[in-house]
Amino acid sequence: MKKFEWKRCFALLILLAVLPAAGFAVEQYNWYEVFVRSYQDSDGDGIGDLQGLIRRLPELQDMGYNGLWLMPVMPSPSYHKYDVTDYCAIDPEYGTMDDMRSLVAQAHEKGIAVIIDLPVNHTSTRHPWFEAACEAIRSGGSSPYTDYYHFSQSNGPACVPLGDTGWFYEEQFSGGGMPDLNLDSEAVREEIRSILAFWLQDVGVDGFRLDAVTSFYTGDTDANIAFLRWLKDSCEALKPGSYLVGECWSGLNTIAEYYTSGVDSFFLFPASQAEGFIVSSLRGRSKHAEKFARNYQAVLDAIPDGVLAPFLCNHDTGRTLGSVQGRSNPRIAKFAEGVLNIMGGCVFTYYGEEIGMVGSGADPNKRLAMYWNDGDMTEQPPGATAIEYPYPSYDAQREDPTSLLRYCKEANQLRLSVPALANGKTEFLQAEGDLLLMKRTDGRDACLIAVNFSSADSIDCVLPAACDIVGALLVDDGFPVLSDDGQTVTLPSYGIVILTEK
Ligand SMILES: [Ca+2]
Ligand SMILES: [Ca+2]
């Protein structure tokens, strides 16, 4: 029996992790979602900004995140900025377009791709297009912008009255501030095409996160898919290889249907949040691995060729520490991140997840200031009612080899160092009780992923051939043991071990 040679393995992982990512192909990105406002302030006004984010690029690189998704950075009257007033500018709270260009350039130098949130289902009511349209209706004049939205003189679902004019406009998101665009308008499509060109070609971003794709044409999946295909084709013509990921907040079959649009990825909502299959596989007394494998197989059956985009939470959902009840149980908090990271595709992590931040209920509670340390945080978003940090700060966890942060870093590095882990085809070799053994093959590369879903017991896993251990994710000081013939690995509780055949 031999103990896994930790020191040599970590040295290898660290070496591989500092290599820049090769190009911006879709594959193998560890994406990190940032709410710029709550991340890092650079000028002392308490509001996170692009220069602050630039300052943190070395940390992101060190952590092994090689893709950045920025929530909207365009001018907007709201704190979250999902209602845009100018699609080709930066909100002054966040900085300038020069700051944005600098962010993209410096991220690229570090091998980090950048995508931005693109909310084109709706604009702000304060967008000049909407203001011009309303002015024309109020004055009885005409404007090309009235055709940019869905104005009507009859009331209906999702209709908002335009003052006392007798006119209404469509708005799928309540509140009166986000009128839906008329995506059938040729002029609107031309506007969108130039917005895509500006960001992809002029600013140099690597793609977009597409907001609210099921609301483009509410209730009409075929029309949504056709519009997404147009978006994908437009981006591909402007910048081949740019990456698009869509927010289709829906069940597996619907998400699978949306993949026919050609958009690279759609967030895998069925795997996310407290009821998603990653976290729910950890609950109950037994058969955790079977539950996980059954659900994961269903995903692979439904989406055999698309690049998956699994995640545990985002800015609209409760954070993972609450979902796994991990406040006093760092082992399960780590293991949930580990199980996320053994899924193929592009894994998305919401900022703060790597240090066990909490947040649920009202949206601002889910978007709290990043907890770097007690002296270096932004102000909290307006409306936040529950502000607490059950786990130590980023700085404290960085120094602690047993922290959740260090576990997440190892998970990222493992994905960067074993290409087949992130991007191969998955085959289930065993899924029984708490033991899961998967094989993932990517061209000539292959790896085995052995997982012990038990919180308490170690498990012997018989391998299909003699193997070497190439990496592991461990929640505590238990360690995997490989038999002398390399054909059996003993997995500690909540242990994840990556192996290759000799
Ligand atoms: Ca600031
Ligand atoms: Ca719409």
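Two strands are said to pair if DSSP finds at least two bridges between them, and in the predicted model described here this idea of pairing is the key to reading a hairpin. The hairpin in question is built from strand 12 and strand 13, with two residues between the strands, and within this hairpin G433 takes a positive phi near 60°. Strand 12 covers residues 425–432 and strand 13 covers residues 435–442, and the two pair in the antiparallel sense over seven bridges. One point at which to follow this pairing is Q430, which stands opposite L437 in strand 13.

**Domains**

The protein chain is divided into domain 1 (2–121 + 183–421), domain 2 (128–170) and domain 3 (422–501). Between domain 2 and domain 3, the C-alpha centres lie 60 Å apart.

**Sheets**

An open sheet of seven strands, with parallel pairing, follows the order 10-9-8-4-3-2-11. Strand 10 (265–266) and strand 11 (347–350) stand at its edges, and because each has a single partner strand, one side of each is left without a neighbour in the sheet. Strand 2, made of residues 30–34, is joined to strand 11 by parallel pairing over four bridges, and N30 is found opposite V347 in strand 11.

A further open sheet has three strands in the order 5-7-6, and here the pairing is antiparallel. Its edge strands are strand 5 (151–152) and strand 6 (159–161), each of which pairs on one side only. Strand 7, which spans residues 168–170, pairs with strand 6 in the antiparallel sense over three bridges, and the bridge partner of P161 is F168 in strand 7.

The following table sets out the strand pairs described above.

| Strand pair | Sense | Bridges |
|---|---|---|
| Strand 2 and strand 11 | parallel | four bridges |
| Strand 12 and strand 13 | antiparallel | seven bridges |
| Strand 6 and strand 7 | antiparallel | three bridges |

**A pair of helices**

Helix 12 (residues 330–341) packs with helix 14 (residues 404–417) at an angle of about 15°, and their axes are 10 Å apart. That angle makes helix 12 roughly parallel to helix 14, since angles under 35 degrees count as roughly parallel. The crossing in which helix 12 passes helix 14 is right-handed. On the side of helix 12, the contact is made by P330, A333, K334, E337, G338 and N341, which meet L404, Y407, C408, A411 and R415 in helix 14. Sorted by character, the residues of this contact between helix 12 and helix 14 comprise six nonpolar, two polar and three charged.

Conventions: Residues are numbered from 1 along each chain as its sequence is written. Chains are lettered from A and ligands numbered from 1 in the order in which they are written. This is a predicted model: local features need pLDDT of at least 70, side-chain atom pairs count only at pLDDT 80 or more; totals for chains, interfaces and linings use all residues. Axes are lines fitted to C-alpha atoms, for helices over the stretch in contact, and angles run from 0 to 180 degrees between N-to-C directions. Angles under 35 degrees count as roughly parallel, over 145 as roughly antiparallel, 65 to 115 as roughly perpendicular and the rest as oblique. A crossing is left-handed if the near helix is turned anticlockwise from the far one by less than a right angle, and right-handed if clockwise. Two residues are in contact if their C-beta atoms, placed from the backbone, lie within 7 Å. Ala, Val, Leu, Ile, Met, Phe, Trp, Tyr, Cys and Pro count as nonpolar, Asp, Glu, Lys and Arg as charged, and the others, Gly among them, as polar. Domain bounds come from an automatic or database domain assignment.
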